Amino acid sequence: VQLVESGGGLVQAGDSLKLSCAASGDSFDFSETAMGWFRQAPGKAREFVASITYNGSRLYGRSVRGRFTISRDNAKSAVYLEITNLQPEDTAVYFCTRDVPTTGWGDWGQGTQVTVSS
């Protein structure tokens, strides 16, 4: 399984970004898999951001509710994270992950850096 994130960058406070994660793999049925986003800021633990089940049910971390929207396109095997009104505290590496049955979150991407200047 391969997960490749993209869409990060250097932005100003108040800007918006849409992160993408492309999933691939022979033993991986994307349309039947829950997907998630986590982030890790410098010096901090990795933090849950959002998840979406195979049928579109969404869950958000407490610190990101209201400005973050997770979505998926099963035809493209892609999951997205749209962030509005970015703040400096959103600066982090954002990782895509998939739910592995009986195991939990596994198969992480390499991450995409989001840096928000004030």
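**Burial, salt bridges and a disulfide**

Author: Arg 98 is buried, its relative accessible area being 12%. This is a predicted model, where local features need pLDDT of at least 70 and side-chain atom pairs count only at pLDDT 80 or more, while totals for chains, interfaces and linings use all residues. Residues are numbered from 1 along each chain as its sequence is written, and side-chain values use heavy atoms, with hydrogens and water left out.

Reader: Happy to start there! Why is Arg 98 called buried?

Author: Buried means under 20% relative accessible area, exposed over 50%, and partly exposed in between (1.4 Å probe, protein chains only). Arg 98 has 12%, so it counts as buried.

Reader: And what makes Asp 107 buried, exposed or partly exposed?

Author: Its relative accessibility is 31%, between the two cut-offs, so Asp 107 is partly exposed.

Reader: How do you know that Arg 98 forms a salt bridge with Asp 107?

Author: The term asks for a side-chain nitrogen of Lys or Arg within 4 Å of a carboxyl oxygen of Asp or Glu. The closest N and O atoms of Arg 98 and Asp 107 are 2.6 Å apart, so the pair qualifies.

Reader: How many salt bridges does this rule give?

Author: The count comes to four. Among them is the pair Arg 67 and Asp 90, whose closest N and O atoms are 2.8 Å apart. This pair links distant parts of the chain, 23 residues apart: Arg 67 lies in the loop between β6 (58-60) and β7 (68-73), and Asp 90 in the loop between β8 (78-83) and β9. Strands here are DSSP runs (E, at least two residues), numbered from the N terminus.

Reader: Why are Arg 67 and Asp 90 called buried?

Author: Arg 67 has a relative accessible area of 19% and Asp 90 has 0%, so both values fall under 20%.

Reader: What makes the contact of Glu 47 and Arg 39 a salt bridge?

Author: Their N to O distance is 2.8 Å, which is within 4 Å, so the rule is met. Glu 47 is partly exposed at 29%, whereas Arg 39 is buried at 7%.

Reader: Now the cysteines: why is the link of Cys 21 and Cys 96 called a disulfide?

Author: A disulfide is a pair of cysteine sulfur atoms within 2.5 Å. S to S is 2.1 Å for Cys 21 and Cys 96, so they fit. The link is left-handed, with -75° about the S-S bond. Cys 21 sits in strand β3 (residues 17-24) and Cys 96 in strand β9 (residues 92-100), 75 residues apart.

Notes. Helix = DSSP H or I, 4+ residues; strand = E, 2+ residues; numbered from the N terminus.
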